[in-house]
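Take a walk through this model, one feature at a time. Keep the coordinates open as you read.

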Amino acid sequence: MKKIVVAFLIVGNLLAQEDKSFTKADYLRGSITPEREWWDLNYYHLDIEVEPDKKYISGKNTIRYKVLKSEQVMQIDLQPPMKIEKILSEGKEVAFKSSGNVHLVLLDEKQEVGDFNEIEVYYSGYPKEAVRAPWDGGFSWKKDGNGNDFIATSCQGLGASVWWPNKDHMYDEVDSMAISVTAPKNLMDVSNGRLRSVKDNGDTKTYHWFVNNPINNYGVNVNLADYVHFDEKYQGEKGELDLDYYVLRDNLKKAKKQFTQTSKMMEAFEHWFGPYPFYEDGFKLVEVPYLGMEHQSSVTYGNQYMNGYLGNDLSGTGWGLKFDFIIIHEAGHEWFANNITYKDIADMWVHEGFTAYSENLYLDYHFGKEAAADYVIGTRANIRNDKPIIGRYNLNKRGSGDMYYKGANILHTIRQLIEDDEKWRQILRGLNKEFYHQTVTTEQIESYISKETGIDLTEFFEQYLRTTMIPKLEYKIDGKNLKYRYTDIIKGFDMPVRVAIDKKEKWLFPTADWKTEEFSGKELIVDRNFYIDSEAL
Ligand SMILES: [Zn+2]
């Protein structure tokens, strides 16, 4: 069961990784093309009607942008079978050329640098149905136990352009966004940000949501169900934070019990990562008919009100059953994914490595350092070292699924190198301050950590993120001498490692060359907290 579960977790990555020749379409999808580069997203108003009986959506997205360069051809993404009906610029219809997912809008008016302009993209169609949300996403059209529609979107990797027209590249986040969703009146829509108003149209209702912060495209979501709502206030680092919960009517009692973990999560993560990054938008947990996703300020939940990952412990140590995996993991992404967002999905470890690591920090806060270490070390069983963690740039291609648990163990190893937990905590908090509401590259994260730790981690990151080799410490105890070296390392890799000699702590400084030291003990044990292999020769 556990194996199956893990396979589900990473199958999306494996599919995306297969080596093949990339097409022009991959490049247009995955790179900052000239038709994207000249304008900066400022505001979206996505306004759609969802018709569950037809599995059909229609509406428009208003896109406000700032002109950075005076160009007039603009790339908008929308994936077939969704269709653009017309595009208006300043109220006048403009021409566009479509090829697959890419639509080049030919603006008539000269675009003056510094101006804020708007286009309105009208569209409709039968959006791709999710095959296995959230990994192979789209629209999930399900029913609840009472026969009501239970509908949700998910689109990480695939891209938000699977269901709405936008600039579908992660480097440019919109600064704020309105989301209006019209649906049959028995359903409630829960999207991102705060609910501003509900309009009764007779047979339908329109829910108007507003996101007051930058948001990445795949974070935007629509969830429609016969929801019931409950809430609480959390006294956090930035004051009072609204925690709102939307669950299926029949699950209210279970949710009220299980979601008590939310405030525990908030306490642990504010401690380690700093203030929740979206106080203005509140925090929501929203029940959906799939496992879950880190939709910004409306984290979606489908873990069946069980602890673990659908009741399973991904670490095999028992500690994974002390928390609800989806509440902890997906909410951890509010800091690493939604606050600090990758520019290119090749750097997805910035989301998943830190968030997988956050599971261990949650345990550290509530159950102590040893429990946390057991957990993160236990998750090494899921590491494959099949491909590098970093994916392919400019092609919308992520790297190995090892970005999760190898990523977490890389961070756990850095914590050992620093040997100062408070300093490490300040670095994690510092990352969330330095890159607050920004899109980043892995190099920015790597150099920030090197700078703040005062340890040059260039070769460390190169080894662990860009190769599949795990450093191996070889050692020989030869009478009164200890000889040791690293193998399976890149040039210049020289990470110190802590060992215990007859239970006394000692640091070794291995390199590719054999070193010899005096040895007076009986037994040498390599500290398990370092993610390396070792062999006594
Ligand atoms: Zn994740």
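A cavity here is a set of grid points where a 1.4 Å probe fits but cannot get out. The model is a predicted one, and it holds four cavities of 30 Å³ or more. Rolling a probe the size of a water molecule over the atoms shows where empty space is left.

Turn to the second largest cavity. Its volume is about 140 Å³. Fifteen residues line this cavity, and those nearest its centre are Arg 29, Asp 168, His 169, Met 170 and Asn 396. The lining is mixed in class: six residues are nonpolar, five polar and four charged.

Asn 396 deserves a second look. It sits in the loop between α8 (369–378) and α9 (405–418). Its phi is positive, about 60°, although Asn 396 is not a glycine. Leu 310 also has a positive phi, about 50°, and is not a glycine either. Leu 310 belongs to the loop between β19 (299–301) and α6 (325–332). With a relative accessible area of 32%, Leu 310 is partly exposed, because that class runs between 20% and 50%.

Most residues other than glycine have a negative phi, and most peptide bonds are trans. Where does the chain depart from trans? The bond from Pro 80 to Pro 81 is cis, with omega near 10°. Pro 81 lies in the loop between β3 and β4 (83–89). The bond from Ala 133 to Pro 134 is cis as well, with omega near 0°. Pro 134 is in the loop that runs between β7 and β8 (138–143).

Now the sheet. Ten strands form an open sheet in the order β3-β6-β5-β4-β7-β2-β1-β10-β13-β12, and the pairing is mixed. β3 (73–77) and β12 (194–200) each have a single partner strand, so each edge strand has one side without a neighbour in the sheet. From one strand to the next, the twist averages 20°. At one edge, β3 pairs with β6 (residues 102–106) in the antiparallel sense, over five bridges. One of the residue pairs there joins Val 73 to its bridge partner in β6, Leu 106.

Strand β7 (residues 116–125) carries Glu 120. Is Glu 120 buried or exposed? Its relative accessible area is 17%, so Glu 120 counts as buried, the cut-off being under 20%. Its side chain makes a polar contact with the side chain of Lys 60, at 2.8 Å.

Finish in helix α11 (residues 442–453), which contains Thr 453. Thr 453 is buried, with a relative accessible area of 7%. A polar atom of the Thr 453 side chain lies 3.1 Å from the backbone oxygen of Ser 450.

Note on methods. Residues numbered from 1 in each chain as written. Predicted model: local features only at pLDDT ≥ 70, side-chain atom pairs only at ≥ 80, totals over all residues. Heavy atoms only, no water. Pairing = 2+ DSSP bridges. Helix = DSSP H or I, 4+ residues; strand = E, 2+ residues; numbered from the N terminus. Axes fitted to C-alpha atoms, helices over the stretch in contact; angles between N-to-C directions. 1 Å grid on protein atoms, 1.4 Å probe; cavity = no way out; pocket = protein on both sides within 12 Å on 5 of 7 lines; lining within 4 Å. Points joined across faces, edges and corners; volume = space filled by probe spheres on them. Nonpolar A, V, L, I, M, F, W, Y, C, P; charged D, E, K, R; others polar. Buried < 20%, exposed > 50% of the residue type's maximum accessible area, 1.4 Å probe, protein only. Polar contact = N/O pair within 3.5 Å; in protein donor to acceptor, adjacent residues only side chain to side chain.
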